[in-house]
Amino acid sequence: MGSFIDVKNISKTFKVNKRAAGVSGMIANLVAPEYEKRQAVKDISFHIERGEMVGFIGPNGAGKSTTIKMLSGILYPDKGDIKVNGYIPYKQRKEYVGSIGVVFGQKSQLQWDLPVIDSFELLKAIYRVPEDRYRKNLERFTDMLDMGSFLNQPVRQLSLGQRMRADIVAALLHSPEIVFFDEPTIGVDVVGKESIRDFIRELNEKDRVTMIFTTHDMQDIEKTCKRLIIIDDGTKVYDGSLLGIREKYGTTRQLDVEFSSRCEIKSIEKVEIRELDHSDGRKKRFVFENKEVQINELMNHLLTNYDVRDINISEPEIEGIIRKIYNGEAS
Amino acid sequence: MFIAPYFAFAKKSFLGRSAYRFEHFMSILNTCLQIFIFAGIYIALYNGRSEVDGITISMVSTNFVLSMGLKAVFCVDDYFLPSKVWDGSIANEFLRPVSFRGRMLAENMGNAAFNVIFHFLPALIISAVVIGIYPPENIVMLLLFLLSAILGYGVLWGISFAVQAAAFWAINIWSLSTLKDVFVNVLSGTMIPLWFMPEWLYEALKLTPFPYIYFTPVQIYLGQLSYRQILQQCGIQLVWIWLIYLLGTLLWKKGQKKLVVQGG
Amino acid sequence: MKSDTLHVMAVYTKTIMKAWFQYRTDALLSSLTVFFREATGIIVIYFTLLKFGNLGGWNIYELLFLFSLLFLTYGIMIIFFTGLRDFGKTVRNGGFDRFILRPRGLLFQVIFTNADWFAAVGHGGLGVALFIITAGEVGIEWNLRNIVYCIFTVIGGVLIQGAIFLLLAALNIYLFETNSLKELFYWNMRKFAGYPISIFHKVIQICMIYVVPFAFVNYFPAQYLLRKPDMAQYPAVYMYITPIIGITLYMLAYGFWKYSLRFYKSSGN
């Protein structure tokens, strides 16, 4: 209790139509459709403090979006409690939503046929933003995101990256205390992504705005968030720092060794030896758990017994670790 | 075999229709209600008279049941081609080994087949029970009715294709498509049986494709035409299909050229 | 109502208008199309009556006067209730999620963020033209009483149709698609309402009076002004209660809408 965002044991179930294939399936579906229950979120809990920046990741259909929708008040949780900034989102909707901003990467909130600025003016009226604050925010954000050139262009003429930047500003004009980003960089090119990340980071650091992300792009997380919540199949499988995930799951190490000549190595206990391609047996990779094998012992063994030309140790990529977590390989 | 992919398209759209079960039952009900509205109006108009201009009330009811039923079968999505022009995916269609127009027709026929079984027949049975219709004159006339109905579908489908192909030039297809529907509905006998049109208008209509969509099959069903006349009417239907096909081909070719010139 | 609310309404309306005027020729063409489409009903009545003389004792002008009230009320109604008519689309494309995230009333946003001006101009224009022409032909006397009666009745007729759309919008929260329901309970009933209900089967009359009370939108009001003999079979009070029916039905629909909101389950990706 008492955190800025408190989420306790929330669950959400949806009913989906099960559809059988073929002509007989079609007729069966016309006559008596079958439904199956799909639990999108199963008993998730977490706390987030003011000013934190947290990334939600997980494979498609893991329950990220459903969680965000419950946090922002769009959906009622079937079970459990949510309290954000002292509000219960789905009960005190009008009071609550004035203090949050939400960016859906896939669904723009801008008026398609009108210049960007018209949408901003509309939002200003909807959120009752005072004139001076509106001016200040607009000036600052458009400057930071370099939007001056297309503020007066109709949204339908903007590139995806421009539209996304405009959408982000639209969600921030009323100076929200919490911002939810659902896939904020989807479909945006590399440069655009970088500028969006910089902007988000600066806003978090300078204004202490609390931010919650969902993304597919691990780079988004690595470059912005310190904390990571991984959701898979509706349950929380990891909650901690980005560094922690390496310590906990990224325990595999690999040693790539180049020998001066072709050599045969007998098996070494608890180490997997792989031949690297196009090397005539000169390059080999040694994969092992760093708890089980002392790296200096292994290196010593290789250096003393063989003629080693080059050696290279690497830690696993964060993306690879997370893929392993989804697949249930890591434990 | 080259017909196989088209059959696959037709089957796909046939099967795809089961997704909205509730919607489907409602649309049958809607068709029936529209038939009842017109039947109700004509009962009041006849006001107990056994016939007007040699047309009995049962013939009027039969006209509405059949033409509304066929209308439900013939429904064509006028935005299929336009939506592909708008999002640019039409360019990919030019590269495929199957004819795009053939594919459109196949998908639409899959739909129509679904509508015949799950829409036309239920609506026919319900309205036959509620308001009563004539049985077909005889089995030969029933078969000729079916043949003529298929030709009527060809006429309507061709018109729809031409309207859709206009999307290469016009942005507002909605207006064009809606106006087309207006003409088809009023001039082909689904809202007012063509027997009751003013004489001069009826004569003028015979020079347009509209009476050949719904009204010709209905007349055959009711045994109003001799074999000679049936042959003649079906011949005119074929001529219209051919003319409209040529128009569609022209628009399609020109549209394709326009697209290539503009580079998509 | 707070002055702030009025301000937002004004900004919404300005935004819709601006978007509408982005495509001026297109807008004009669409409005004209609506006008033509709706005018076909009139053409059909005209041709039919040319042959048959009268329909259940109503002549062509009386029938078209009855018809004009439908267009008139729809033209006004659609300025306010387009958002309800198209609510299914708003739910499916995630627009309603966005409304939830904004600190304003939900129904308020649904209503004021959308207005189909094509339909308003098309139907409304036809309604006004037809009303003026036929009112002269059927000999309605424009005294104060009749004018006040017409104003209140039109408001009532607008509310009745708005209530039907509101009910259907609320149902959309439970059902993915309600287009056919709309077709059944609104558009088909409206087609019946284009003719004197007394000519139809009893079951349909009951539907039009007590289930989807379209009869109060145009039939009973027209009877007040025309006094055709077929009114004798209905209670005379029905000619006066259109505004009451409108308000009551709208309140009921609003209650159902409020109740239904908690069951909203986003469209999901």
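Two strands pair if DSSP finds at least two bridges between them. I keep that rule at the head of these notes, since the first entry turns on it. The model is predicted.

**Entry 1: the sheet with strand 10 of chain A**

I looked up strand 10 (residues 252-259) of chain A and found that it pairs with strand 13 of chain A in the antiparallel sense, over six bridges. For one bridge I noted the residues: Leu255(A) has Ile313(A), in strand 13 of chain A, as its partner.

I then asked in what order the strands of this open sheet lie. The sheet has four strands in chain A, ordered 11-12-10-13, and the pairing is antiparallel. Its edge strands are strand 11 (272-275) and strand 13 (308-314) of chain A, each of which pairs on one side only. From one strand to the next the twist averages 20 degrees.

As background, I wrote down that strands of a sheet pair through backbone hydrogen bonds, either parallel or antiparallel.

Next I checked what lies across the sheet. Helix 10 (residues 295-305) of chain A lies across strand 10, strand 12 (283-289) and strand 13 of chain A. Helix 10 of chain A runs at about 165 degrees to strand 13 of chain A.

**Entry 2: a hairpin in chain A**

I moved to strand 8 (residues 227-232) and strand 9 (residues 235-241) of chain A, which run antiparallel and are joined by six bridges. Arg227(A) has Ser241(A), in strand 9 of chain A, as its bridge partner. How many residues lie between strand 8 and strand 9 of chain A in the hairpin? I found two, and Asp233(A) in the turn has a positive phi of about 50 degrees.

**Entry 3: helix 4 of chain A**

I listed the buried residues of helix 4 (residues 116-126) of chain A: Val116(A), Asp118(A), Ser119(A), Phe120(A), Leu122(A), Leu123(A) and Lys124(A). I noted that the list includes Asp118(A) and Lys124(A).

What do the buried residues of helix 4 of chain A pack against? Within chain A, I found helix 5 (131-144) and helix 6 (160-170). From chain C, helix 1 (3-21) takes part in the packing. Just after helix 4 of chain A, Arg128(A) takes a positive phi of about 55 degrees.

**Entry 4: chain A as a whole**

For chain A I noted 11 helices and 13 strands. Is chain A a compact globule or more spread out? Its radius of gyration is 25 Å, well over the 20 Å that the globule rule gives for 331 residues, so chain A is more spread out than a compact globule. Along the principal axes, the C-alpha atoms of chain A fill a box of roughly 75 × 60 × 45 Å.

I also looked up the domain assignment, which gives domain 1 (48-247) and domain 2 (251-315) of chain A. The C-alpha centres of these two domains lie 45 Å apart.

Of the 331 residues of chain A, 34% count as buried. I took contacts in chain A between residues at least 6 apart in sequence, and 70% of them join residues at least 24 apart.

**Entry 5: chain C as a whole**

I ran the same look-ups on chain C. Chain C has 12 helices and zero strands. A compact globule of 269 residues would have a radius of gyration near 18 Å, and the 19 Å of chain C agrees with that. Its C-alpha trace spans about 55 × 40 × 35 Å along the principal axes.

Buried residues make up 44% of the 269 residues in chain C. Among contacts in chain C with a separation of 6 or more, I noted that 80% come from residues 24 or more positions apart.

**Entry 6: where chain B touches chain C**

I noted that this contact takes 27 residues from chain B and 30 residues from chain C. On the side of chain B that touches chain C, the elements giving two or more residues are helix 2 (21-46) and helix 8 (173-187) of chain B. Helix 2 of chain B gives the most, with 12 residues. By class, I have 18 nonpolar, eight polar and one charged residues on that side of chain B.

**Entry 7: Asp87(B)**

Last, I looked up Asp87(B), which is found in the loop between helix 4 (80-86) and helix 5 (90-95) of chain B. Is Asp87(B) buried or exposed? A residue is exposed if 12 or fewer other C-beta atoms lie within 10 Å of its own. Asp87(B) has 8 C-beta neighbours inside 10 Å, so I entered Asp87(B) as exposed. I also noted that the C-alpha atoms of Asp87(B) and Arg17(B) are separated by 24 Å, with the two residues 70 apart along the chain.

Technical notes: Residues numbered from 1 in each chain as written. Chains lettered and ligands numbered in written order. Predicted model: local features only at pLDDT ≥ 70, side-chain atom pairs only at ≥ 80, totals over all residues. Buried ≥ 20, exposed ≤ 12 C-beta atoms within 10 Å, placed from the backbone. Contact = placed C-beta atoms within 7 Å. Axes fitted to C-alpha atoms, helices over the stretch in contact; angles between N-to-C directions. Rg over C-alpha atoms; globule rule 2.2 N^0.38 Å. Nonpolar A, V, L, I, M, F, W, Y, C, P; charged D, E, K, R; others polar. Domains from an automatic or database assignment.
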